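Trainee: I would like to learn how to read a model such as this one, feature by feature. Could we take the general idea first and then the case at hand?

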Amino acid sequence: MYSEDDINSAVAAGAMSAEAAAGFRAHMTKVRELPRGSEENFRLINSFNDIFVAIGVVILLVAVGAIGQAIAEISAPYPNSLMESEEAWRNAYDLHEVVQISLAGLFVAATAWPLAEFFTRKRRMALPSIILLLAFVGGIFFTCFGLGMAVMVDGSDRIGAIMVSASALVAAGAAFLHWRRFMVPITVAAGSAAVAATFIALILAAFDPREFDENILFGLIFVAGLAVWSLAMRWDISDRERITRRSDVAFWLHLLAAPMIAHPIFALLGVTDGDDLGVGAAVGVLAVYVAFGLVALAIDRRALLVSALFYVLFALTFLFREFGAVELNFALTALLIGSALLSLSAFWQPIRRAVVSVLPRGLQDKLPATEDMPLPVTASPA
């Protein structure tokens, strides 16, 4: 399967004319009876070779991380019970942990970058590129976090939050550098997650994490999720036809924002409390899911629906059980949700057309088209 980025690359290289690319897109829209942009192309693998390489990459990264930990055992050995005092044992233990985390992260990050030079920049392999990006950014985070642990006096929660914030900020910078070099679409989402973690941790540090209850933390995550969603919409609006890399960037941002928005809402409604949900809260879950569905239809993205699916299944199961369908509650829930999702998928475009038609004209002009439209004859590969 060839992605929009591959088609744009072929046009830029002269292997395919812009008119031929536009004709191919129009043909696929006609064959599948769905605009290519509405399919939300998710290129995880190009061939089985991607899986083969990904397995090798994971094994290699695990190996270099283990080597880093082994070196840590030599330079900062695990403390023994013969030390003079408990404080000396604790200091030696903390040093051991710091060196172990830092070296493992450093070795992983240092290995991921040169591998990306070949498998991402040269071979353009999707799944290995994602793994290498996450390994590089994650390795940088743990390297900085391990070093930061060295200054954590008495292990206070506030100092710990500051260390997490600083490490996440450096990881965001690493994601920016990776994006400038390799432009892997998921990189912007990884950087956004790091920035969100930075601000949340800073707020926790400013007000003392022990003073925050779970609901306040959920509120912070929800606000961060809305910010990421807004960024995703900016990328989406810049590519309404979804034929450039910007659409792929938006896809990953929506995938990040969806659970950050959905989980706090449903947690505050009491879904995570188990059998203490209540009928009113269960109905509220269904109402929120309907609202998510309307938003998903309007923006032509399905991430919100997928992220909230577990909570809806739980709420419907609870309602069927409350109203007497004890033995068939799960079967009825699965039947209802499965039928609804398949019907929505089959009639996505007509339903979406009805939803978008009631929106203000200015908003409609920023959303993907609701019916077949002429595509531009040229497309930026960015």
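Mentor: What follows goes from the whole chain to its salt bridges, then to a cavity and a few individual residues. Please keep in mind throughout that this is a predicted model.

Trainee: How many helices and strands does the protein chain have, and what share of its residues counts as buried?

Mentor: The protein chain contains 15 helices and 0 strands. Of its 382 residues, 43% count as buried, and the surface that the chain exposes comes to about 19,900 Å², with carbon and sulfur atoms supplying 68% of that area. It also helps to ask how contacts are spread along the sequence: among contacts with a separation of 6 or more, 69% are accounted for by residues 24 or more positions apart.

Trainee: Turning to charged side chains, how many salt bridges does the count come to?

Mentor: The general idea is a distance rule, in which a side-chain nitrogen of Lys or Arg has to lie within 4 Å of a carboxyl oxygen of Asp or Glu. By that rule the count comes to 5 salt bridges. One of them joins Glu117 to Arg181, with the closest N and O atoms 3.0 Å apart. This pair links distant parts of the chain, since Glu117 belongs to helix H4 (residues 86-119) and Arg181 to helix H6 (residues 157-182), 64 residues apart.

Trainee: Are Glu117 and Arg181 buried, partly exposed or exposed?

Mentor: For burial one reads the relative accessible area, where under 20% means buried, over 50% means exposed, and the range in between means partly exposed. Glu117 has a relative accessible area of 25% and is therefore partly exposed, and Arg181, at 34% relative accessibility, counts as partly exposed as well.

Trainee: Which residues are linked in a network of salt bridges?

Mentor: The network consists of Asp236, Arg242, Asp300 and Arg301. Within it, the side chains of Asp236 and Arg301 meet at 2.8 Å, N to O. That pair again links distant parts of the chain, with Asp236 in helix H8 (residues 214-237) and Arg301 in the loop between helix H10 (279-299) and helix H11 (303-307), 65 residues apart. Both Asp236 and Arg301 are buried.

Trainee: And what separates the closest N and O atoms of Asp300 and Arg242?

Mentor: They are 3.8 Å apart, and the pair forms a salt bridge. Asp300 lies in the loop between H10 and H11, while Arg242 lies in the loop between H8 and helix H9 (245-268), so the pair ties together parts that are 58 residues apart in sequence. Asp300, with a relative accessible area of 1%, is buried, and Arg242 is buried too, with a relative accessible area of 4%.

Trainee: Let us move on to enclosed spaces. Which residues line the second largest cavity?

Mentor: A cavity, in general, is a space where a probe fits but cannot get out. The structure holds 2 cavities of 30 Å³ or more, and the second largest has a volume of about 40 Å³. Its lining is formed by Trp229, His254, Ala296, Ile299, Arg301, Arg302, Ala303 and Leu304. H10 and H11 are the elements that give two or more residues to this lining. Sorted by class, the lining has 5 nonpolar, 1 polar and 2 charged residues. Arg301 thus appears in this lining as well as in the salt-bridge network.

Trainee: How should I read the surroundings of a single residue, for instance Pro264, and what is it in contact with?

Mentor: One starts with place and burial, and then looks at contacts beyond the sequence neighbours. Pro264 is in helix H9 and, at 1% relative accessibility, counts as buried. Leaving aside neighbours within four places in sequence, Pro264 is in contact with Phe218, Ile221, Phe222 and Pro259. For Phe222, which is 42 residues away along the chain, the C-alpha separation from Pro264 is 6.0 Å.

Trainee: Which residues are in contact with Ser102 and with Gln100?

Mentor: Ser102 has its place in helix H4, and Gln100 lies in helix H4. With neighbours within four places in sequence left aside, Ser102 is in contact with Phe142, Thr143, Gly146 and Leu147, whereas Gln100, read in that way, is in contact with Gln69, Ala72 and Glu73. Ser102 counts as buried at 7% relative accessibility, and Gln100 counts as buried at 16%.

Conventions. Residues numbered from 1 in each chain as written. Predicted model: local features only at pLDDT ≥ 70, side-chain atom pairs only at ≥ 80, totals over all residues. Heavy atoms only, no water. Helix = DSSP H or I, 4+ residues; strand = E, 2+ residues; numbered from the N terminus. Buried < 20%, exposed > 50% of the residue type's maximum accessible area, 1.4 Å probe, protein only. Contact = heavy atoms within 4.5 Å. Areas by Shrake-Rupley, 256 points an atom, 1.4 Å probe, with all protein chains shown as cover. 1 Å grid on protein atoms, 1.4 Å probe; cavity = no way out; pocket = protein on both sides within 12 Å on 5 of 7 lines; lining within 4 Å. Points joined across faces, edges and corners; volume = space filled by probe spheres on them. Nonpolar A, V, L, I, M, F, W, Y, C, P; charged D, E, K, R; others polar.
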